[in-house]
Amino acid sequence: MLTKGRRVAGRGEDMSAHYAFGPHEDDAIIKHRLLTRITTTRGEPPLKKLQKKFMSFATEVEKDADNTSDCERLYKAFLQEINTFELPLLKSKAVVDANLREKESFNELQVEIQRQILQAQTDIEDLKKQLEQSKIERQHKEECEAIRKLISSQPPRSETEKLIANLEKEIANLEAESAACTRTLELRKKQFALLLHVVEELQISIEDEQRNIADELRAATEEPKLSIEEGSGGASDAMAVD
């Protein structure tokens, strides 16, 4: 029977045609039902029933007739209706209180979560600083380890000192040899200079001797020529006298 009044939306029609009320009207209806304690759209509202019970009791009380039993009956019916109406109110109050406590707990939880977030951010920053410090310390340890390995690869200090002493002795010996060689070289230079001087003097004396020998030879060759010339000249004079 519910399908008789159903309307099928065609192409291009708004789907809101399926609903009898809009969102705002639904909110107003729900609010009205909560205020009047109406849970369904059918039946008489509880507040209205309570009002009727009260009006019946008040009307019966205002009568002058002897109606004590009726008044008592209506009074009990009115109290029963009040209890019936109060029970959902108490339930609603309990729900509201629970919701308030839950909201307060949620707010506290939200504050705690926010505090934890801030604490986590602070911890993250601290951990970042610790990480950077750890990186620096690790780098220093690696450098120290490299230096340690380099030192361990070198010979012991005693051997190094012994080697240094031997090298110093060798250096001293080389310096002494160098000084001796320097003195010897200076002596050789002086001797060589003296030798050059002697050679120059010998060369000069040899040249003088050669020059004297040449002069003597020249003089010796010139004397026979002069004697021959003198002889030929005397002969010619004698022939001329004859």
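**Reading salt bridges along two helices**

Arg-211 and Asp-208 sit three residues apart in helix 4, about one turn of the helix.

Colleague: Okay, that spacing caught my eye. What do Arg-211 and Asp-208 form, and how far apart are the closest N and O atoms?

Modeller: The general idea is that side chains of opposite charge can pair when their charged atoms come close. Here, Arg-211 and Asp-208 make a salt bridge, with 2.8 Å between the closest N and O atoms. Keep in mind that this is a predicted model.

Colleague: Fair. Is Arg-211 buried, partly exposed or exposed? And which of those is Asp-208?

Modeller: Arg-211 has a relative accessible area of 46%, so it counts as partly exposed. Asp-208 is at 33%, so that residue is partly exposed too.

Colleague: Before going on, how much should I trust the model? What is the average pLDDT of the protein?

Modeller: The average is 78, and 75% of the residues score at least 70. By element, helix 3 (residues 68-153) has the highest mean pLDDT, 89, while helix 1 (residues 23-36) has the lowest, 66. Then there's the start of the chain: residues 1-18 have pLDDT below 50, and beyond near neighbours in sequence that stretch has six contacts in the model.

Colleague: Good to know. How many salt bridges does the structure hold?

Modeller: Eight. Another one in helix 4 (residues 157-241) links two residues four apart, about one turn of the helix: Arg-157 and Glu-161. Their closest N and O atoms are 3.1 Å apart.

Colleague: And how do I read the accessibility of Arg-157 and of Glu-161?

Modeller: Go by the percentage. Above 50% relative accessible area a residue is called exposed, so Arg-157, at 68%, is exposed. Glu-161 comes in at 44%, which makes it partly exposed.

Colleague: What about helix 3? Which residue does Glu-142 form a salt bridge with?

Modeller: Arg-138, with the closest N and O atoms 3.4 Å apart. Both residues belong to helix 3 and are four residues apart, about one turn of the helix.

Colleague: Same reading for accessibility, I guess. Where do Glu-142 and Arg-138 fall?

Modeller: Glu-142 is partly exposed, at 48% relative accessibility. Arg-138 has a relative accessible area of 56%, so this arginine counts as exposed.

Colleague: Got it. I'll go back to the structure and look at Arg-138 and Glu-142 in helix 3, then at Arg-157 and Glu-161 in helix 4.

Terms used: Residues are numbered from 1 along each chain as its sequence is written. This is a predicted model: local features need pLDDT of at least 70, side-chain atom pairs count only at pLDDT 80 or more; totals for chains, interfaces and linings use all residues. Side-chain values use heavy atoms; hydrogens and water are left out. pLDDT is the predictor's confidence in each residue, from 0 to 100. Contact means heavy atoms within 4.5 Å. A salt bridge is a side-chain nitrogen of Lys or Arg within 4 Å of a carboxyl oxygen of Asp or Glu. Buried means under 20% relative accessible area, exposed over 50%, partly exposed in between (1.4 Å probe, protein chains only).
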